[in-house]
There are 2 protein chains.
Amino acid sequence: MGMQKKLTIQDIARLAGVSKATASRVLNGNPSVNGELRARVMRVVEEHDFVPNATAVSLAGGNTHLIGVLAPPLVWPALPEIIRGVAEYIEDSAYEIVLYSINFANAECNHSEVVKRILNLHLVSGLLAIFTDELMPQITRLAQDGLPIVLIDDQEEPGHIPWVGIDNRESACTAVRYLLELGHTRIAHISGPQHYYWANERYRGYCQALQEAGIAPEPELLLQGGFEPLHGRQCAKQLFSRERASWPSAIFVANDQMAYGVLEYAEQQGIRVPEDVTIVGFDDNLLSAYTRPPLTTVHQPFSEMGRRATELLLNMIDPQYLAGPKASQQVQAPTDFPRLSERDQPVHLQLPTSMVIRASSTQASLSVKT
Amino acid sequence: MGMQKKLTIQDIARLAGVSKATASRVLNGNPSVNGELRARVMRVVEEHDFVPNATAVSLAGGNTHLIGVLAPPLVWPALPEIIRGVAEYIEDSAYEIVLYSINFANAECNHSEVVKRILNLHLVSGLLAIFTDELMPQITRLAQDGLPIVLIDDQEEPGHIPWVGIDNRESACTAVRYLLELGHTRIAHISGPQHYYWANERYRGYCQALQEAGIAPEPELLLQGGFEPLHGRQCAKQLFSRERASWPSAIFVANDQMAYGVLEYAEQQGIRVPEDVTIVGFDDNLLSAYTRPPLTTVHQPFSEMGRRATELLLNMIDPQYLAGPKASQQVQAPTDFPRLSERDQPVHLQLPTSMVIRASSTQASLSVKT
DNA sequence: TTGTACGCGTTATCAG
DNA sequence: CTGATAACGCGTACAA
C-alpha cells in the first residue's frame, strides 16, 4: 500500500551474491564483467524492476542530467512549438527538462531572483533561455560562471553566447521580394519596436528589397508599430484614413500578431483583403492559418529551433554525447558542432525560413498598379 | 573563466570558523544558533553567493523538491494555460517543474517507457498528470506505489486518484438553458466521442436542459462528432444539407475546436452566424475570442485548475507545506484539503465554469422561431 | 549552543 | 575480473 521501501543497489548486490561495485558495473554496461555474474545480476534487477536512484547518481556522477528551460509563460505565441521541439529531442536522451516559467507581468517580484534560483542550486547542467532578453545581464553572468547556455531570442543582437535563430533581414527581404514579384510597388511596412533586433533587421530587409527593385522607401508608407494586435490596428487606421489614392496596395507587417490587428480593422472598415490590399505577416503563428482570410507570412521553424538548440546544448554539456542509446544506430547524423578549441568565434545557428502563401495576398490589381 | 569549483558548506564553515553542522543550521534557519555565529556565517555565505547543492540536499533529505508534469505536447489547446497556473503556484514555492511531454503521435515508442522513466528514477516527489487518460494503467500503478499524483483529465470518470476538473454536465446544461432563454427551441448538438467522459456528460447536460424545458430531444438534431475542427465541419455539412425548414436555430457544439469547423463551413456556404444560426461552443480556448464571429462558449478556468491541482499535490507531498516563505504572511488562505485520515473518499475538486457571451449567439429570429 | 560522526545511494579508484 | 573503500555534499541524531 504505502510507498514500499525502494531497493538500493546494495540490496540487488546482496540478492545476486555480488558486491555493490559489480552490480553497478552491470547496470552501466561495463564490459569487464563475467557473463554469468552479469546474467545473475540482471535477473535480480528485472525481477524487482530496479532502477538506480537518480539523485544519488547525480551526486556521485556530478551530472544532474537536467536541463533548464527558462521562458515566459507558455501562452506566448511561439513557445509551445519551440518547447515541442525541445521535448522531442530530449525524449530519446538521458536528460529531462526543468521548466522555469518567468512571469514578466508580475513586476513585484525581482526576476533576478528566478535566475538566482537557477544558478544557485546547481540543479541543472545546462540552460536553454528562450525570449529572455530582459534577463541578459544575469544570463551572461551564468554563462561566465561556466554554465552551458544556449539562447533562442531575437530581441538582442546575438553575442558570445551560443544562439539559435533565423536571418530576419534576409527573410524580410524575401517576403518583400515576393510582393514585388506580384506587381506591388506601393508596399507599406508596419515595423516592430525599433530597439528590438528582429524589428530593426526586418525593417532593413524591407528597405533592401525595395532598393533592389529601384524603389525608394516612402516615409509615409513606413509606420512604427509594436508587437500586439492593437498596434497593428492603430497603424492600419492611420494608413487607411488617408485618401484612397494614397493607399498602399500591400502591407508587410513585422509580425503576425500585428497583422491580426490589421485584418480586424480592414474587416470592420469593409476593406477587402486581398482584393483591396494584400497583407503579409511574419512568424507563422499557429493562429495564422485560421484568420480570415488566412495570412500569408514568413514561417519560422520554431520546433526545429527548439530541437537544434537542445542538440547544441547537450553537446556543450557532454561532447561525447549522442542523444540516447538508440541515436548511435539511427541515421540521424549528429550535427557537427564547433569544438571547444574553436570556440573563440561564437556559435550562431541560423535556420532557414520559408514563405507560406495563403489567401491574404494576391497580385496587385490593375487599378492600383498604376 | 571556467566553471570555478563550487564552494561546499564545508568551505563556508571553515571560512566562518565554525563546523559544518552550524553552517547548515544557519542556512536552514535553525533558531538554536548564537547570534554572533549566525551573523558570521551569513556574511561569508553572502560574500560568496553560496547556495547548497540541490542534489546533495535531495539525497540527504529524501525530497527532491521536484514535481513532474506529464502532458501531451504543449501545442494542445488548453495546455499552455493550465501550465501557466502550475508555474504561477510553483513560482513561490520551493519546488520546480520537471516537464514530461509525451508524444502520442509517435506510435513507435512505447509510452509506458516514459512512465517507467518517471517511476524508476524516483526523480520527482509528485506527479501532475494532464490529459493522460491513455496512460491510466501505468499512472494507477504509480499511485499504488505511493507516488503522490493529481489528475487533470476529462476523458475518464474520476476514480480514486485526486482529481481537479469541472462539472461538465451542469456546465453544458447551463449553456443550453442560455439558448432556451434566447428563445431557441430547435437546438442541435454536435457531441464528442461517446466513450469520452466529458463528451457523454455534456451530452447528458444538453438532454437535461431540453427536458427541463419540456422539449423532447430530436434524434435528427443530434450528431455524433469527434474533437477536431474537421469533425465539426462534417456535422455542419450534414445538418445544413437538409431543407432549410428543418435547420436548427442554434447548435451547441461539444467543444470549441469542432465549433471552429462549423463556423468555417457556415462561412463557406454563406450561412450567417448568428443571424441564420447561433453557435455555442465549450472550453473557451484562446482562439475562440478571435474567430469570426467570436465564439460564445463555456469558459473552463484552465489556469486556475493548474493552480489548484498544484496546491493539492504539494499538500499531498508535504502536508506541513505552505507555498513559499511569503505565503504564510499572505492573505491567500491555504485551501483546506481533506486530511489523510479522511482519504477513504477520493478528492475531487470541481471548479466553476462560466458562460462567455460573444457574437456567435443571439436571440432566435422570428422566422425560424416558427 | 556547538561539534562529531554517520547515513543518503551511486560511481569510481585501487588493490587483490 | 572482482571486491573493499573512498568520495559526492549535505542533514541530523548524538554527544559534549
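How many disulfides does a search of the whole structure find over all chains? In this predicted model, the search returns zero, and the views below turn to the cysteines and then to DNA strand D.

**View 1. Surroundings of A:Cys173, a cysteine in no disulfide.** The cysteine sulfur nearest to that of A:Cys173 belongs to A:Cys207 and lies 9.8 Å away, whereas a disulfide would need the two sulfur atoms within 2.5 Å. A:Cys173 counts as buried because its relative accessibility is 0%.

**View 2. Surroundings of B:Cys235, which is in no disulfide.** For B:Cys235, the nearest cysteine sulfur is that of B:Cys207, at 16 Å. With a relative accessible area of 4%, B:Cys235 is buried.

**View 3. Polar contacts between the protein and DNA strand D.** An N or O atom in the side chain of A:Arg25 is placed 2.5 Å from a base oxygen of DNA strand D, while a polar backbone atom of A:Asn34 is 2.6 Å from a phosphate oxygen of the strand. From chain B, a polar side-chain atom of B:Ser24 lies 2.9 Å from a phosphate oxygen of DNA strand D. Helix H2 (20–27) and helix H4 (54–61) of chain A, together with helix H2 (20–27) and helix H4 (54–61) of chain B, are the elements that give two or more residues to the surface near this strand.

**View 4. Protein surface around DNA strand D.** Of the 25 residues around the strand, those that come nearest are A:Thr22, A:Arg25, A:Asn34, A:Leu37 and B:Ile9. This surface comprises 13 nonpolar, eight polar and four charged residues. Among the atoms of DNA strand D within 4 Å of the protein, 59% belong to sugar or phosphate, and the rest belong to bases.

Technical notes
Residues are numbered from 1 along each chain as its sequence is written. Chains are lettered from A and ligands numbered from 1 in the order in which they are written. This is a predicted model: local features need pLDDT of at least 70, side-chain atom pairs count only at pLDDT 80 or more; totals for chains, interfaces and linings use all residues. Side-chain values use heavy atoms; hydrogens and water are left out. A residue is near a molecule or strand if one of its heavy atoms lies within 4 Å of it. A polar contact is a pair of N or O atoms within 3.5 Å; within protein, one must be able to donate a hydrogen and the other to accept it, and residues adjacent in sequence count only if both atoms are side-chain atoms. Helices (H or I, at least four residues) and strands (E, at least two) are DSSP runs, numbered from the N terminus. Ala, Val, Leu, Ile, Met, Phe, Trp, Tyr, Cys and Pro count as nonpolar, Asp, Glu, Lys and Arg as charged, and the others, Gly among them, as polar. Buried means under 20% relative accessible area, exposed over 50%, partly exposed in between (1.4 Å probe, protein chains only).
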